[in-house]
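Biologist: I'd like to go through this one and hear the reasoning behind the labels. Could you show it to me?

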Amino acid sequence: MFILFPRAAVLAVALLPYLATAAPLSLEAALQLAVQRSETTRAARAGASSATEAAHAAAQLPDPTLRIGVDNLPATGPDRFHTTRDSMTMKRIGISQEWLSADKRAARQAAADASVGRETVQVQAAAADTRRQTALAYVDAFYVGESLKLARLMAHHAHEELEASRARLSSAAGNSQDVLALAGAKGISEDETADILQQKDAAGVAFQRWTGVPPDELLPPGSIAVPLEAAYVAAHPTVAAMRRDVDVARQTAAVTASNRKPNWTWELAYGQRTGYSDMVSVGVSIPLPVAPGERQDRDIAAKLALVEKAEADLAEAIRVATAEYRSLRSDAQRLAQRIDRYRSGVVAPASQRTAAAIAAYRSNQGSLVTLFEARHAEVEAQRKLLTLQRDLAKTQFQLAFRPLTAEVAQ
């Protein structure tokens, strides 16, 4: 609990302004909340911290080895297991050290640094994915809220017109067919409202999963700049991560290649004998690669094959990211065109039809059913326009929130 408390306190402080005041929540504020409470990002940070700590020790020499022993200890006879009766018995203490060349240590340090770079990209990728998912959830929650406003407006109109038709029927100015038609329309409007409420609840759950707060009141998401293709592909999380994978594979292959030259081990020992001079021993151990073609060379070939694999994966990831960008960019352009056409070709005429129906009804030249149909058609047109605007916003946000920062991608 002590470890989790500081994180919980920070998150509570971040949430306090939004819980204490009923101020509308902006997209940027929602993104900040989501990144602060993201466990995926926290896990990635822990991985980066682990790699950083390991990198500090990568270029260090192995720990020395303390060697203590007794040489030529009698095992039989009257002097057995006595360390001071036989002149050949020697008590020995020494230290040995495996030595890595500067080139080997530099290769290991480079491999460790490459791993740190890869884990750093994973942190940024986790944060970028959290922001993207939060932005999409924000868009869904905002536009379903706008659709709910239209559905409730339509239900309100249906109720008003049904009551008016009943009043006209009681005064013999209306007819029962209008009342029945408007009663059915009122039921349809209420069902549409219930359906959107269900969608709103689902969108609220998805939004709260990322931010921890309900989407009670959201500000319009606004427009966002879309990156160019080259910037998008270069900073795509998958591409950036695989670039680091290539770097890690190359540095790992370099470490394996450096192992073809064996490490020497130096040893220094001091021996104490009874009745004779003490002795100092100095030695070196050198491994003998008797079959490098069957061992070391095959290890190197295996690592080089992994380098080729990483390069092929990177090339494929670049193709996928390029196709993804072009597809999303095309969708965004077509949706923008459809919105312009729909606004001028459908929404504007529907609004004019409603105005004409209101004028006709007020002059006793139109029925309530005709007025309701005109209003319903206008609301449906506005709801379809909201759907197109939502799809455009989600497409633009997928383009904008997918890439990493340029510094991390390089």
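Modeller: Let's start with a cut-off: a residue counts as buried under 20% relative accessible area, exposed over 50%, and partly exposed in between. And keep in mind that this is a predicted model.

Biologist: Why is I68 called exposed?

Modeller: Its relative accessibility is 62%. Exposed means over 50%, so I68 counts as exposed.

Biologist: Where does I68 sit?

Modeller: In strand β1. I68 also helps make a nonpolar surface patch of about 830 Å², along with L66, I93, I95, L268, Y270, V280 and V282. The elements giving two or more residues to that patch are β1 (65-71), β2 (90-99), β3 (264-273) and β4 (279-285).

Biologist: What is the order of helices and strands along the chain?

Modeller: Along the sequence the pattern goes α-α-α-β-β-α-α-α-α-β-β-α-α-α. That's 10 helices and 4 strands.

Biologist: Okay, α3 next. How do you know that its buried residues line one face?

Modeller: The buried residues there are T41, A44, A48, A51, A55 and A58. Looking down the axis of α3, they fall within an arc of 90 degrees, so they line one face of the helix. In general, an α-helix has 3.6 residues a turn, so residues three or four places apart point the same way. On the other side of α3 you'll find A43, E53 and H56 exposed.

Biologist: How does the reach of α3 compare with what is expected?

Modeller: α3 covers residues 39-58, 20 residues in total, and spans 29 Å from its first C-alpha to its last. The expected figure at 1.5 Å a residue is 28 Å, and the model comes close to it.

Biologist: And P214, what makes it partly exposed?

Modeller: P214 has a relative accessible area of 37%. That value is neither under 20% nor over 50%, so P214 goes in the partly exposed class. You'll find P214 in the loop between α5 (176-211) and α6 (229-234).

Biologist: Which residues does P214 contact, leaving aside neighbours within four places in sequence?

Modeller: F207 and Q208. As for D201, it is 13 residues away from P214 in sequence, and their C-alphas are 9.9 Å apart.

Biologist: What about the chain as a whole: how much of it is buried?

Modeller: Of its 410 residues, 34% count as buried. The chain exposes about 23,400 Å², with carbon and sulfur atoms supplying 56% of that. And among contacts between residues at least 6 apart in sequence, 80% join residues at least 24 apart.

Conventions: Residues are numbered from 1 along each chain as its sequence is written. This is a predicted model: local features need pLDDT of at least 70, side-chain atom pairs count only at pLDDT 80 or more; totals for chains, interfaces and linings use all residues. Side-chain values use heavy atoms; hydrogens and water are left out. Patches are made of residues with over 30% relative accessible area and no salt bridge: like charges are joined within 9 Å, nonpolar side chains (Val, Leu, Ile, Met, Phe, Trp, Tyr) within 5 Å. Accessible areas come from the Shrake-Rupley method with a 1.4 Å probe; for residues, only the protein chains shown count as cover. A salt bridge is a side-chain nitrogen of Lys or Arg within 4 Å of a carboxyl oxygen of Asp or Glu. Buried means under 20% relative accessible area, exposed over 50%, partly exposed in between (1.4 Å probe, protein chains only). Contact means heavy atoms within 4.5 Å. The expected span of a helix is 1.5 Å times one less than its number of residues. The arc is that of the directions from the helix axis to the C-beta atoms.
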